[in-house]
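Hi,

Here is the structure I promised to pass on. Have a look at it first, and then read on for what turned up when I went through it.

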Amino acid sequence: MSDFDPTRRALMAGAAMAGAAAATAPAFAQSSSSNGGGGATAPQAKDFPEPPYPKQHQPWPGLAQKMDPRPDHGEETYHGTGRLKGRKALITGGDSGIGRAAAIAFAKEGADVAIAHLPQEEPDAKDVRKVVEAQGRTFANFPGDLRDKDYTTSLPEKAVQQLGGLDILVNNAGYQQWVSGLEDLSDEQFDQTMKTNLYAMFWLTKAALPHLKSGASIINTSSEVAASPPIGLIDYSMTKAGILMFTKTMAKQLGSRGIRVNAVTPGPIWTPLQVCGGQTMDNLVHFGAKTPIGRAGQPVELAPLYVALADPAFSYSTGQVFGATGGDPQPAG
């Protein structure tokens, strides 16, 4: 559904842009028996787990269902209000972490959802399917490797065929590995990080453009490390800074076509990226402890932000950077 009422858009945009926090608040505040809420009370910040977290390691790429504590993607805690009714979304890395939280929230807001993920992540993808289809929404998943150009460029057309259109593209999948120094950063790792985090975004966005009409939204997942890189995430931080520049450039190019492009900069979020080489074991145990909030964020805490940026009501917000960092400084918008 790429068309939307400009009068409704103008009326809603002012209220929506009063602040991302205000616009996204209903996701946790409201429950509905129609979306699985069952009248349950949404979690408060005090309910989310705090460090120290258990020591653990998984072979890359990792599975959310094997993490301890298991991440909260909003399966029971996100409650939709119909903000994305009838829209069609494609999300990379939608099997776990932030991408999974966005997929679940989009479905609970009325959208049909397609996700891309690695074949090894199929067990997590099956869990997402159950939640999305329980909302009565169409779900499609496309296993493959985003480093494969042919696979990546085929995704928009596949999504259109399965969902009946494409209105929302979320470039979210990422590769992250901690290294002790530049000498330990191999050409192979550098190449994999660049291909997964930057090339795939470039290929996928370009392939999606013929399918995106006025009112569409592109949301790119960057990171707070784009502004404050840790010493052990050299290549990862480089790509996250590049994502911001791509976002701002595309927003300028696509603004006249009515396609909005924005970025989200998460802080430390509890996802499989962290337990399969994204952090040292000591960093993992104390992950997020140095933020003002004092803990890692849960994927569900990012979901309302992705919903807001996908909502046509945010019609005057493009080329912007929205942070969710637990209180740490974020890159300027």
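Let me start with a charged residue, Glu 75: it is partly exposed, because its relative accessible area is 22% and the cut-off for buried is under 20%. Before you read too much into any of this, keep in mind that the model is predicted.

**Salt bridges**

Glu 75 has a partner, Arg 100, and the closest N and O atoms of this salt bridge are 3.0 Å apart. The two come from distant parts of the chain: Glu 75 lies in the loop between helix 3 (26-29) and strand 1, while Arg 100 belongs to helix 4, 25 residues apart. Is Arg 100 buried or exposed? Arg 100 is buried, at a relative accessible area of 2%, so here a buried side chain is bridged to one that is partly exposed.

There is another bridge worth a look, between Lys 88 and Asp 112, with 2.7 Å from N to O. This pair also links distant parts of the chain, with Lys 88 in strand 1 and Asp 112 in strand 2, 24 residues apart. Both of these residues are buried. They also stand opposite each other where the strands pair: Lys 88 faces Asp 112 in strand 2.

Arg 147 and Asp 145 make a further salt bridge, at 2.8 Å from N to O. Arg 147 counts as partly exposed, with 33% relative accessibility, and Asp 145 is partly exposed too, at 24%. Back with the earlier pair, shared partners join Glu 75, Arg 100 and Asp 124 into one salt-bridge network. Across the whole structure, the search gives 10 salt bridges.

**Strands 1, 2 and 3**

If you open the model in a viewer, strand 2 is a good place to begin. How many of the residues of strand 2 are buried? The count is 6 of 6, so the strand is mostly covered. Asp 112, Ala 114 and Ala 116 point one way from strand 2, Val 113, Ile 115 and His 117 point the other way, and all are buried.

Strand 2 has partners on record here in strand 1 and strand 3. With strand 1, strand 2 pairs in the parallel sense over 5 bridges. With strand 3 (residues 139-143), strand 2 also runs parallel, again joined by 5 bridges. Along that second pairing, Val 113 stands opposite Phe 139, and His 117 has Pro 143 as its bridge partner in strand 3. Strand 3 is itself mostly covered, with 4 of its 5 residues buried.

How does the chain get from strand to strand? Strand 1, helix 4 and strand 2 form a right-handed β-α-β unit. From strand 2 the chain then crosses through helix 5 to strand 3, and this β-α-β crossover is right-handed.

**The nonpolar cores**

Which residues touch the most other members of the largest nonpolar core? Ile 91, Phe 106 and Tyr 306 do, in a core of 35 residues. Elements giving two or more residues to this core are strand 1 (88-92), helix 4 (97-108), strand 2 (112-117), helix 5 (122-134), strand 4 (168-171) and helix 11 (303-310).

Tyr 306 is a nice one to click on. Leaving aside neighbours within four places in sequence, the contacts of Tyr 306 include Ile 98, Ala 102, Phe 106, Val 170, Ile 219 and Val 264. There is also a second, separate core of 27 residues, and Leu 169, Met 201, Leu 209 and Ile 243 are among its members.

**Helix 8 and strand 7**

Ile 243 brings us to helix 8, where it is one of the buried residues, along with Tyr 236, Leu 244, Phe 246 and Met 250, among others. The buried residues of helix 8 pack against helix 7 (187-208), strand 5 (217-221), strand 6 (260-266), helix 9 (272-278) and strand 7. The 21 residues of helix 8 (residues 234-254) should span 30 Å at 1.5 Å a residue, and the end C-alpha atoms are 30 Å apart, so the two agree.

Last stop: Ala 324, which sits in strand 7 (residues 321-324). Ala 324 is partly exposed, at 22% relative accessible area. Beyond neighbours within four places in sequence, Ala 324 is in contact with Thr 265, Pro 266, Gly 267, Ile 269, Leu 302 and Leu 305. Ala 324 and Ile 269 are 55 residues apart along the chain, and their C-alpha atoms are separated by 9.4 Å.

Cheers

Key. Residues are numbered from 1 along each chain as its sequence is written. This is a predicted model: local features need pLDDT of at least 70, side-chain atom pairs count only at pLDDT 80 or more; totals for chains, interfaces and linings use all residues. Side-chain values use heavy atoms; hydrogens and water are left out. A nonpolar core is a set of buried Ala, Val, Leu, Ile, Met, Phe, Trp, Tyr and Cys residues joined through side-chain atoms within 4.5 Å. Buried means under 20% relative accessible area, exposed over 50%, partly exposed in between (1.4 Å probe, protein chains only). Contact means heavy atoms within 4.5 Å. A salt bridge is a side-chain nitrogen of Lys or Arg within 4 Å of a carboxyl oxygen of Asp or Glu. Two strands pair if DSSP finds at least two bridges between them. A crossover is right-handed if, with the strands pointing away from the viewer, the path from the first strand over the helix to the second runs clockwise. The expected span of a helix is 1.5 Å times one less than its number of residues.
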